[in-house]
Amino acid sequence: MTTNTPVASLRVTAPEVQEAYDTQALQQLDSAHYLHPFTDHAALRERGARVIVRAEDVYLWDSDGKKIIDGMAGLWCVNAGYGRASIADAVHAQLLQLPFYNSFFNTTNVPAVKLAALLAQLSPPQFQHVFFTGSGSEANDTIVRMVRRYWQLAGKPGREVIISRRNAYHGSTMAGASLGGMPGMHAQGGLPIPGIDHIGQPNYAEEGRGMSEAEFGLHAAGWLEEKILEVGPDRVAAFIGEPVQGAGGVIIPPATYWPEIQRICDKYDILLVSDEVICGFGRLGTWFGCQLMGFEPDLIAFAKGVTSGYVPLGGVLVGSRVAHTLIEKGGDFNHGFTYSGHPAACAAALENIRILQAEHLVERVALETGPHLKARFASLVAHPLVGHAETCGLAAGLNLVRRKGQTAHDCEAFPSTHAVGMLCRKHMFDNGVIMRAVGDRMIVAPPLSISVARIDEMVERIRYCLDLTLEEVVARGWMA
Ligand code: PXG
């Protein structure tokens, strides 16, 4: 097998699956040529990448014909579920009609106009304008430039500092990774860029010992005020946060947190930015996470669920305060992407949103599937390996612990070097369910189209894999 084998020859026919693939050959080619995101390639070469070839509803199939329930909706994005022919049809029709035209130089296109108007209608009332990008990272880059431009136009160019949080994820571009609070990312590439500062995250399980949840929410929001006073209120442009932190491990803030953040931003006249790349388009049971958490941002970053990931698209919803200043006083905003308002991506989004609405998927998260997932995850806390579990809409996390306690604060964690989360993730994948491991916190965020019966199936597989993980951890002598 050379690396020059034509890809078409990698497919062989086998009766038991629709199409069969030469997995090893694909893995060799993959390893020889494809640099993956966030991947240790030397380690991947040893293992070989899993090749995903097909998907339907909430299931994936790999190149060996193995069926896997996708507890992560692709990567927090396939909100409408897999196999939606109507999205494919809408994209196909648009590609034939007008595959591309740019939105620079006084031009526009029909799907982009329709989507902008629909987003204005769906989002909280202060949002009447949208700037399209190709991804969530580009949305956050746009926000950095937009808030700084806003303050220039508002006559306060000294307001340049954007405050974010440790363990936040805001993307992988230079600005996105700088806003993010991941030390491993900052360590590569000279980040953060100037003018970005971080405060602690509202993680009650880790940092709220000795306080009620409500007290901790106010306490954690207070770190913003401390930072504003340290930096100097006249230098602070904006605060950005995810309503519920996703990649950081489904960190759900206490109910008191966001209203207090809003109060502090209002007090110091600071723009409030909600990164809704994961929480937007129904994940938490509301169209946008800020609606559940009770705050009114000036800007919203979105991506992922807007097209259910069928085609890349992201953007920034621009609230009236910023939009008015940019439009009335700004002249050219010297910023934009070739694919801003891509007609095929916008066509995918229009059909995706039609499905979310027609099938009441957002309401179902609030009233049916979200509460069901909550009850099923609560039942997992009886497992000897599970310290605590939290859910919000269709996002959930549970902690694997060495010794259980009465509360999240009394549990004893495993040493991080044991990498119990990764061990558990491997059992999950081998047994047909995908969960993400963030350290020893195991998380799910399934498609919003998941049925109650499929949630039960997913949780039973998770329970079985927790048993396998426990057996292994006990055999290694790691339990307390
Ligand atoms: N903001 C948030 C809140 C995100 O979750 C981005 C911005 C960046 O979006 P793009 O489209 O540029 O990737 C994200 C992306 C994980 C994981 O491991 C999460 C994301 C991306 C990759 C991995 O959970 N979220």
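# Exercises on a predicted model

In this predicted model, helix α15 passes helix α17 in a right-handed crossing.

**Exercise 1.** Find how the axes of α15 and α17 are arranged relative to each other.

*Solution.* Two packed helices are described by the angle between their axes and the distance between the axes. Start with the residue ranges: α15 covers residues 361-380, and α17 covers residues 452-475. Next take the distance, which shows the two axes coming within 10 Å. Then take the angle, where the axes cross at roughly 20°. Angles under 35 degrees count as roughly parallel. α15 is therefore roughly parallel to α17.

**Exercise 2.** Carry out the analysis for α16 and α17, and state the handedness of their crossing.

*Solution.* Helix α16 is formed by residues 420-430. Its axis and that of α17 come within 9 Å. The crossing angle is roughly 130°. This value falls outside the ranges for roughly parallel (under 35 degrees), roughly antiparallel (over 145) and roughly perpendicular (65 to 115). The two helices are therefore oblique to each other. As for handedness, α16 passes α17 in a right-handed crossing.

**Exercise 3.** Describe the surroundings of the ligand, beginning with the residues that come nearest.

*Solution.* There are 16 residues around the ligand, and those that come nearest are Trp76, Gly136, Ser137, Asp275 and Arg436. By class, the shell divides into six nonpolar, six polar and four charged residues.

Now list contacts by atom. The side chain of serine 137 has an N or O atom 2.5 Å from an oxygen atom of the ligand. In the side chain of lysine 304, an N or O atom is 3.2 Å from a nitrogen atom of the ligand. For tyrosine 169 the backbone takes part: one of its N or O atoms lies 3.5 Å from a ligand nitrogen atom.

The next step is the area. Taken alone, the ligand exposes 540 Å², of which the protein buries 84%.

Last, assign the shell to elements. Two or more residues each come from α3 (73-76) and α6 (136-153). The largest share, three residues, is given by α6.

**Exercise 4.** Locate the cis peptide bond and the non-glycine residue with a positive phi.

*Solution.* The cis peptide bond joins leucine 191 and proline 192, with omega about -5°. Proline 192 sits in the loop between α8 (183-186) and β8 (196-199). The positive phi, about 50°, belongs to valine 250, which is not a glycine. Valine 250 is found in the loop between β9 (236-241) and α11 (257-267).

Key: Residues are numbered from 1 along each chain as its sequence is written. This is a predicted model: local features need pLDDT of at least 70, side-chain atom pairs count only at pLDDT 80 or more; totals for chains, interfaces and linings use all residues. Side-chain values use heavy atoms; hydrogens and water are left out. A residue is near a molecule or strand if one of its heavy atoms lies within 4 Å of it. A polar contact is a pair of N or O atoms within 3.5 Å; within protein, one must be able to donate a hydrogen and the other to accept it, and residues adjacent in sequence count only if both atoms are side-chain atoms. Accessible areas come from the Shrake-Rupley method with a 1.4 Å probe; for residues, only the protein chains shown count as cover. Helices (H or I, at least four residues) and strands (E, at least two) are DSSP runs, numbered from the N terminus. Ala, Val, Leu, Ile, Met, Phe, Trp, Tyr, Cys and Pro count as nonpolar, Asp, Glu, Lys and Arg as charged, and the others, Gly among them, as polar. Axes are lines fitted to C-alpha atoms, for helices over the stretch in contact, and angles run from 0 to 180 degrees between N-to-C directions. A crossing is left-handed if the near helix is turned anticlockwise from the far one by less than a right angle, and right-handed if clockwise.
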